[in-house]
Amino acid sequence: MNNLHNLINAIEPIHQEVALQANDHLNQLTKPQGSLGKLEDIARQVAGITGEVMPTFEKKAVIVMAGDHGVCEEGISAFPAAVTPQMVLNFLYGGAAVNVLARHAGADVVCVDMGVNADLEHPNLVSCKVRKGTRNMAKEAALTLEETTQAIVAGSEIVDDLVAKGYRLFATGEMGIGNTTASAAILCALTGLDTSIAVGRGTGIDDATWLHKQSVVNTALDVNGLLGRGAGVSAGASASASASASASASASAEEGSSGDYALEVLSKVGGLEIAGLVGVILGAAKHRCPVIVDGFISSTAALVASRLAPLSASYMLASHLSQEQGHAKVLESVGLAAMLQMDMRLGEGTGAVLVFNLIDAAGKIMKEMATFESAGVSRE
Ligand SMILES: O=C(O)c1ccc[n+]([C@@H]2O[C@H](COP(=O)([O-])O)[C@@H](O)[C@H]2O)c1
Ligand SMILES: Cc1cc2nc[nH]c2cc1C
């Protein structure tokens, strides 16, 4: 618990003055002001995060956290739980979608076992297994507070290690059959949203299973004493992927109990890979590194992180809008705006890794574009 408090307390506001310097530089470049749209937002935010007007990212990593879910025994996914360890091996052998897209972006895939229900061994697997899957949240708390804290701190320590190796840009990814059920339950518990809005089709369930999944989430909220408690807890203020994010992050800071409640929710209806991602996001914020948030599950981790440490929201960039129902609501609650709309719903970090290319592109604009003065272009 102490380590978690230290982690949260180590997060500072982004460098607003450097974001403003980046803005001044953007306004000198040979283009009508603001005409590069979200690329300019990225440049300003990344400058504010890193404290450098023109940062470059030589080493980038997508951290794919894996964990299993006891709630799978309720029949809430289109796929069997055995797919989680099978896909972990696929990540390790380089054959999954995230491996392909990470290679395309010049990034490394770091695959972490946070709580897979199998004994996995591979030289490149980072093993932080807290337990073999969560307990069934429809019957009892998925995790204890200690297990949850352990997973968060382990996630942040992975970032510590990667930063020591020169990585400065991170993306979140995950793998866990059943984790859209856990994420929907977290979303309902933290925002008071109805399950009919928060629960989606995950890997692709039919209408009857979707209705059943909603009732499983309702049961889990009830069994764990979370029904009705999220209503009225304010969502994050209207931050966007811009330098203004830190101001809104502090505006969304709530009374001390908000973080305690988020931790309680994460332990009762969450997952080990989700908790690990909370740690990754907080760790990236602690080290002043941008963290690109992937789809529904990753964004739910971002929501928890923003409740634990409101300042962490300004270090996040939302990558894509997943097809998973409820994703837009999670992003809204954190105060993030997705950059891409690609109709993806895979997870693994696939949408986040696509944004690495946009970060590189924004950096090159800052470094390589001529100014009105240097190119002799008239302004008026
Ligand atoms: O990232 C998303 O938005 C997303 C949306 C739907 C499904 N997924 C992936 O699918 C798995 C969870 O789906 P489910 O139906 O088993 O809950 C998990 O491995 C996620 O990575 C991911
Ligand atoms: C095959 C498969 C790959 C995935 N990657 C992330 N979630 C997944 C779920 C399934 C079912």
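**Around ligand 1 and E348**

Okay, let's start with E348, which sits in the loop between α14 and α15. Before I go on: this is a predicted model. I picked E348 because UniProt, in an unreviewed entry, puts an "active site" feature there.

So is E348 buried or exposed? It's buried, because 30 other C-beta atoms lie within 10 Å, and the cut-off for buried is 20 or more. As for what E348 touches, leaving out neighbours within four places in sequence, its contacts are V64, A96, A97, V98, G173 and M175.

Now stay in that loop for a moment. D343 is also found between α14 (327–334) and α15 (350–368). With 9 C-beta neighbours inside 10 Å, D343 counts as exposed. D343 also has a positive phi, about 60°, and it isn't a glycine. Why point that out? Because most residues other than glycine have a negative phi.

There's another one of these. R288 isn't a glycine either, and its phi is positive, at about 55°. You'll find R288 in the loop between α12 (272–286) and β5 (291–293). R288 has 18 C-beta neighbours inside 10 Å, so it counts as partly exposed.

Right, on to the ligand. How many residues surround ligand 1? There are 24, and the closest are S77, G202, G295, S322 and G347. Three elements each give two or more residues to that shell: β4 (167–175), α7 (179–191) and α13 (296–308). Of these, α7 has the largest share, with 3 residues. If you sort the shell by class, you get 12 polar, 7 nonpolar and 5 charged residues.

Two of those elements, α7 and α13, also meet each other, so to speak. Their axes come within 9 Å and cross at roughly 35°, and the crossing is left-handed. Which residues make the contact? On the α7 side they're N179, T180, S183, I186, L187 and L190. On the α13 side they're F296, I297, T300, L303, V304 and R307. By class, that contact has 7 nonpolar, 4 polar and 1 charged residues.

So, if you're opening this model for the first time, here's a route through it. Begin at E348, buried in its loop, then look at exposed D343 between those helices, α14 and α15. After that, go to ligand 1 and its shell of 24 residues, and finish with the left-handed crossing of α7 and α13. That's it from me, thanks.

How values were computed: Residues are numbered from 1 along each chain as its sequence is written. Chains are lettered from A and ligands numbered from 1 in the order in which they are written. This is a predicted model: local features need pLDDT of at least 70, side-chain atom pairs count only at pLDDT 80 or more; totals for chains, interfaces and linings use all residues. A residue is near a molecule or strand if its C-beta atom, placed from the backbone, lies within 6 Å of it. Helices (H or I, at least four residues) and strands (E, at least two) are DSSP runs, numbered from the N terminus. Ala, Val, Leu, Ile, Met, Phe, Trp, Tyr, Cys and Pro count as nonpolar, Asp, Glu, Lys and Arg as charged, and the others, Gly among them, as polar. A residue is buried if 20 or more other C-beta atoms lie within 10 Å of its own, exposed if 12 or fewer, and partly exposed in between; C-beta atoms are placed from the backbone. Axes are lines fitted to C-alpha atoms, for helices over the stretch in contact, and angles run from 0 to 180 degrees between N-to-C directions. A crossing is left-handed if the near helix is turned anticlockwise from the far one by less than a right angle, and right-handed if clockwise. Two residues are in contact if their C-beta atoms, placed from the backbone, lie within 7 Å. UniProt positions are given in the numbering used here, feature names are shortened, and annotations may be inferred rather than shown by experiment.
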